[in-house]
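Colleague: I would like a close look at one part of this model. Please take me through the helix packing at its core, and then outward from there.

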Amino acid sequence: MQAGYAPAVAAGRPIDLPESLQLPLASGAPWWYWLGGRPSLDFVNTRRERWRRDVETLVTPADLVAWLSVAGLLARDGARADRRRLREAIALREAIDAAVAAAVAGAPTPAAALATIDGWLWVAGPRPHLTLGRDGAPRLGEHVGADPLRAALGALALDAARLLGDPAERERLRICAGERCSARFYDRSRPASRRWCSMRACGNAAKARRHRTRTTVPSQLPEVRA
Ligand SMILES: [Zn+2]
């Protein structure tokens, strides 16, 4: 999943949240943010502006299904969600975020967060099933009837577990250094020295701010990210 992860969205600038946003949103779909580089981090970034307005973009069960579809984890017509599943998904998301934030800070992983992520892993992949064929020979198949939505959440948990449980991967977890950004991302750069979720957005905003502070008193706050 890691190397081939390519959300079905047009590449480009991240979409800033306007100041005039009516909160809570009716649907978060226009404001999803796809710069995390890994599905579990894009998932965490569905809660935007954690540092300020705390904008929830997984508002409805339909939002959850649509998000998982764009992320390539679920066929668009492959599932329905209900409020309960949405609550479970959000609990998983917050557990991943708690573990990621702890990893970035070099702090111990909260045990409850780890248990929540681990609790999803068993639905992450195919569940092999050995049955007896009519000819009396064993047949290897899969359990049928697995809930594709649960499987998609399991895949997110597995992606997070691979990031968190491997020291080399864990070292590449980042929280954007943008002054007004809180996006979590995976640093794929060779020297592992990326600071911003997007050079085009937060990186340039930081450069512009440095330039302004050198030349004049800042009169304008940088744009809002994540
Ligand atoms: Zn950023």
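Modeller: What follows starts with the whole chain, moves to one helix and its partners, and ends with some local details.

The model is predicted. The protein chain has seven helices and six strands. Along the sequence their order is α-β-β-α-α-α-β-β-α-α-β-β-α. The C-alpha trace spans about 85 × 40 × 30 Å along its principal axes. Of the 226 residues, 34% are buried. Take the contacts in the chain with a separation of 6 or more: 62% of them join residues 24 or more positions apart.

Now the core. The largest nonpolar core holds 51 residues. Within this core, Ile96, Ile117, Ala152, Leu156, Ala157 and Ala160 touch the most other members. Several elements each supply at least two residues. The helices among them are H1 (39-44), H2 (61-70), H3 (83-105), H4 (111-121), H5 (148-165) and H7 (199-215). Strands S5 (173-175) and S6 (184-186) also contribute at that level. H5 gives the most, with twelve residues.

Ile96 is a good place to stand. Leaving out residues up to four places away in sequence, Ile96 touches Ser40, Phe43, Val44, Ile117 and Ala160. Ile96 also appears on the H3 side where H3 meets H4, and again where H3 meets H5.

Let us fix on H4. Which residues of H4 are buried? They are Ala113, Thr116, Ile117 and Trp120. Seen down the axis of H4, these buried residues fall within an arc of 95°, so they line one face of the helix. The spacing fits a general rule. An α-helix has 3.6 residues a turn, so residues three or four places apart point the same way. On the other side of H4, Ala111, Ala112 and Ala115 are exposed. So alanine turns up on both sides: Ala113 is buried because it has 20 or more other C-beta atoms within 10 Å, whereas Ala111 is exposed because it has 12 or fewer.

What covers the buried residues of H4? The cover includes H3 and H5.

Take H3 against H4. Their axes come within 8 Å and cross at roughly 125°. That angle makes H3 oblique to H4. The crossing is left-handed. From H3, the residues involved are Ala91, Leu92, Ala95, Ile96, Ala98 and Ala99. They meet Ala113, Leu114, Thr116, Ile117 and Trp120 of H4. The buried residues Ala113, Thr116, Ile117 and Trp120 are thus among those facing H3, because these residues are in contact with H3 through C-beta atoms that lie within 7 Å.

H3 against H5 has another geometry. Here the helices pack at an angle of about 5°, with their axes 11 Å apart. That makes H3 roughly parallel to H5. H3 brings Arg85, Ala89, Leu92, Ile96, Ala99 and Ala103. H5 brings Leu149, Leu153, Leu156, Ala157, Ala160 and Leu164. Leu92, Ile96 and Ala99 are named at the H4 contact, and they are named at the H5 contact too.

H5 also carries Arg162. Is Arg162 buried, partly exposed or exposed? With 15 other C-beta atoms within 10 Å, Arg162 is partly exposed. Arg162 and Ala151 are eleven residues apart in sequence, and their C-alpha atoms are 16 Å apart in space.

Now outward, to the loops. Arg52 sits between strand S1 (47-48) and strand S2 (55-56). Arg52 is exposed, with 11 other C-beta atoms within 10 Å. Its C-alpha is 9.5 Å from that of Ser182, although the two are 130 residues apart in sequence.

Asp54 belongs to the loop between S1 and S2 as well. Asp54 is not a glycine, yet its phi is positive, about 55°. Asp54 is exposed, with 11 other C-beta atoms within 10 Å. Ala192, in the loop between S6 and H7, also has a positive phi of about 55° without being a glycine. Ala192 counts as exposed, with 11 C-beta neighbours inside 10 Å.

One backbone feature remains. The peptide bond from Leu23 to Pro24 is cis, with omega near -5°. Pro24 lies in the segment before H1. For background, most residues other than glycine have a negative phi, and most peptide bonds are trans.

Methods. Residues numbered from 1 in each chain as written. Predicted model: local features only at pLDDT ≥ 70, side-chain atom pairs only at ≥ 80, totals over all residues. Helix = DSSP H or I, 4+ residues; strand = E, 2+ residues; numbered from the N terminus. Core = buried A, V, L, I, M, F, W, Y, C linked by C-beta atoms within 7 Å. Contact = placed C-beta atoms within 7 Å. Arc of directions from axis to C-beta. Axes fitted to C-alpha atoms, helices over the stretch in contact; angles between N-to-C directions. Parallel < 35°, antiparallel > 145°, perpendicular 65-115°, else oblique. Left-handed = near helix turned anticlockwise from the far one by under 90°.
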